[in-house]
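Hi everyone, thanks for making time this morning. I'd like to walk you through a structure that is new to most of us, so please have a look at it on the screen.

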Amino acid sequence: MSVTQATAAGTVSGLRGAAVPDSARPRRRTAARRWRRALSPLLIVLVWEAVTRTGLVPDSKLPAPSAVLGAGWRLALDGTLGGHLLDSLTRAAIGLAVGGGLGLVLGAAAGLIRLGDDLIDPPVQMARMLPHLGLVPLLIIWVGIGEPLKISLVALGAFFPVYLNAYAGIRGIDERLVEAARTCGLSALARLRHVVLPGALPSLFLGLRLAFAAGWLSLVVGEQVNAQSGIGFMMMEAREFSQTDVVVLGLLVYALLGLLSDFVLRIAERRALAWRRGLRAT
Amino acid sequence: MATRTESDVTDLDAATGRGAAVVVATGLRRTFGAATVLNGVDLVVGRGEVVALLGSSGSGKSTLLRILAGLDAEADGEVTTNGRVAVVFQEHRLMPWKRVADNVALGLRGADVPERTAAALAEVGLAERTRAWPAELSGGQSQRVAVARALVRQPDLLLLDEPFGALDALTRLKMQALLQRLRLEHGFAALLVTHDVDEALLLADRILILDNGVIAQDVPVTLAHPRAHDRPGFSELRRHLLARLGVPADPDG
Ligand SMILES: Nc1ncnc2c1ncn2[C@@H]1O[C@H](COP(=O)(O)OP(=O)(O)OP(=O)(O)O)[C@@H](O)[C@H]1O
Ligand SMILES: [Mg+2]
């Protein structure tokens, strides 16, 4: 959903950059449209606030947005939120690094080396069909219910998108460019750096963004299994004490984390793939 | 697999009896499955000599050029090169993720690389576009960058596979003039694969015709420079080559 929107926004700004100077009218229209698109979400929040304030929806089922923000403020001040957030982020970081790193290494090996392709790709393609969140019971038997469970869930979620896109990115590289690099005297290592890596980068970024999305989802599921800390734990604990505002707050934090990571990745992508903007401008 | 040797001049002199050669190929053979594309090609390009390679589509010109460029590991025969070799392909083959200057400098080492790159780009008339992305260039400009990328290596032999085939007629004429000028300045030898008999006649010192997997004709072109269609001898040679390629020449040729 957010991916589609992002692409549309990117195209619009790209067109604007290439347009002739006297394009003030379309620009105003885009700005107006942006405001119009913000209208309905704002309206929803207002209605939400109204129905909960007036008691139409009981506070225990759904607290007002202002109450959720209040809870966030309170927990941020006493350090609870920060502590849980840090624990969640640590799990996500370790899981993403392990899963993504492994995906990159194996994807590159399968993409670059025929033997690697024959040995690695078939089992990965088969394992890909397993819904990794369905592995929770098995993972509990294997690694217990502690930290390793959460981390391995995130790692599993991140592994497949990175692997598949690294593999596809490398395979998709124009063989003729590799050949041209050879005639320029580039060694195998130099070809990897100057041709294969930049050529696979768009695909790698796509894999990374999908890995982050899958990673957050895995974290949400993992943190609901016997966690002692983390945003998920905070939500489960709040549910026991019927603090619905904290439960909704947790959801909000998860959403913001996903949004933020995607935003950062998109900026990094735009920087690293500046050469593609040229493609669009012409 | 084709044996590749990089030899020194004296060996080649002795081997060919032709004076210094930049490349000597003997007995090149290449099959794809059951189809034999090259069936014993022998070829010599002398230092500073421009040789055009003509042949109908699918006759194996690109295959031959790739072998000479060292890009074909599965061919049989012997290739001896003497000096630096650079290649310009039919498509520009620039790295889309590298700016023009970085494309030209690809694989070069040394402190003077920026100056050499700038000089090569200036020679093809693109001194202003060093910071551009390949996607921002026109077809002719891209191909000029590809020529600069080859030129900056100071090649002794330039292998050109229909380098101007994809360009419009006007741009092609300009590129032919550019190649002519660069060749006079730098004195490199060239093997120019082309479909265009006129191009071969304008640029080459010698024209080879590849047919049935062997060099069927080796025609020296002794026309004086600058060459043009209306110069004496041009249309006779043109008619001869076209007939040899199986195309009946038009009467007013
Ligand atoms: N990788 C390959 N696998 C199978 N067949 C090939 C391969 N490369 C070339 N061929 C075949 O070899 C023959 C010669 O191809 P080549 O590209 O050398 O022709 P060409 O003379 O350059 O033609 P054109 O003038 O159209 O470029 C063709 O019949 C082609 O189908
Ligand atoms: Mg060809």
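I'll go through the chains, a few salt bridges, a helix, a ligand and two loops. One thing to keep in mind from the start: this is a predicted model.

Let's begin with chain A. Chain A holds twelve helices and zero strands, so if you read along its sequence you meet one α after another, in the pattern α-α-α-α-α-α-α-α-α-α-α-α. Chain A has 282 residues, and 38% of them count as buried. Now take the contacts in chain A with a separation of 6 or more: 71% of them come from residues 24 or more positions apart.

There is also a record to look at for this chain. An unreviewed UniProt entry carries the annotation "transmembrane region" for several stretches of chain A, including residues 127-145 and 246-268. How do those two stretches look in the model? Residues 246-268 of chain A are 100% helix and 0% strand, and the C-alpha atoms at the two ends lie 33 Å apart. Residues 127-145 of chain A are 53% helix and 0% strand, with the end C-alpha atoms 22 Å apart.

Next, salt bridges. How many salt bridges are there over all chains? The count comes to 22. I've picked three pairs for you, and then a network.

The first pair on my list is E49(A) and R53(A), whose side chains meet with N and O 2.9 Å apart. Both sit in helix α2 of chain A, residues 24-53, and because they are four residues apart, about one helical turn separates them. As general background, an α-helix has 3.6 residues a turn, so residues three or four places apart point the same way. R53(A) is exposed, at 57% relative accessibility.

My next pair is R209(A) with E269(A), where the closest N and O atoms are 3.2 Å apart. This pair links distant parts of the chain: R209(A) belongs to helix α9 of chain A and E269(A) to helix α11 of chain A, 60 residues apart. Are these two residues buried or exposed? R209(A) is buried, with a relative accessible area of 14%, and E269(A) is buried too, with 15%.

Over in chain B, R206(B) forms a salt bridge with D218(B), and their closest N and O atoms are 2.9 Å apart. Here the link runs between strands, from R206(B) in β9 of chain B to D218(B) in β10 of chain B, twelve residues apart. R206(B) counts as buried at 7% relative accessibility, whereas D218(B) is partly exposed at 42%.

And the network? D174(A), R176(A) and E179(A) are linked with R66(B), E91(B) and R93(B) in a network of salt bridges.

Let's stay with chain B and turn to helix α8, residues 234-244. Which residues of this helix are buried? They are F234(B), L237(B), R238(B), L241(B) and L242(B). They lie on the same side of α8(B), because they cover an arc of only 130° around the axis. What covers them includes α7, β9 and β10 of chain B, and those two strands hold the R206(B) and D218(B) pair we just met. After α8(B) comes G246(B), with a positive phi near 85°.

Now for ligand 1. The residues around ligand 1 are all marked (B), and among them are F32(B), V37(B), K61(B), T63(B) and E162(B). Three contacts are worth finding on the screen. The side chain of S57(B) has an N or O atom 2.6 Å from an oxygen atom of ligand 1. A polar backbone atom of G58(B) is 2.9 Å from a ligand oxygen. H195(B) brings a polar side-chain atom to 2.9 Å from an oxygen atom of ligand 1.

Last stop: two loops. Most residues other than glycine have a negative phi. N226(A) is not a glycine, yet its phi is positive, near 45°. You'll find N226(A) in the loop between α9 and α10 of chain A, partly exposed at 41% relative accessibility. Chain B offers Q154(B), also not a glycine, with a positive phi of about 50°. Q154(B) lies in the loop between α5 and β7 of chain B, and it is partly exposed, with a relative accessible area of 49%.

That's my tour, and I'm happy to go back to any part of it. Thanks for listening!

Definitions and conventions:
Residues numbered from 1 in each chain as written. Chains lettered and ligands numbered in written order. Predicted model: local features only at pLDDT ≥ 70, side-chain atom pairs only at ≥ 80, totals over all residues. Heavy atoms only, no water. Buried < 20%, exposed > 50% of the residue type's maximum accessible area, 1.4 Å probe, protein only. Arc of directions from axis to C-beta. Contact = heavy atoms within 4.5 Å. UniProt positions renumbered as here; feature names shortened; annotations may be inferred. Salt bridge = Lys/Arg side-chain N within 4 Å of Asp/Glu carboxyl O. Near = heavy atom within 4 Å. Polar contact = N/O pair within 3.5 Å; in protein donor to acceptor, adjacent residues only side chain to side chain.
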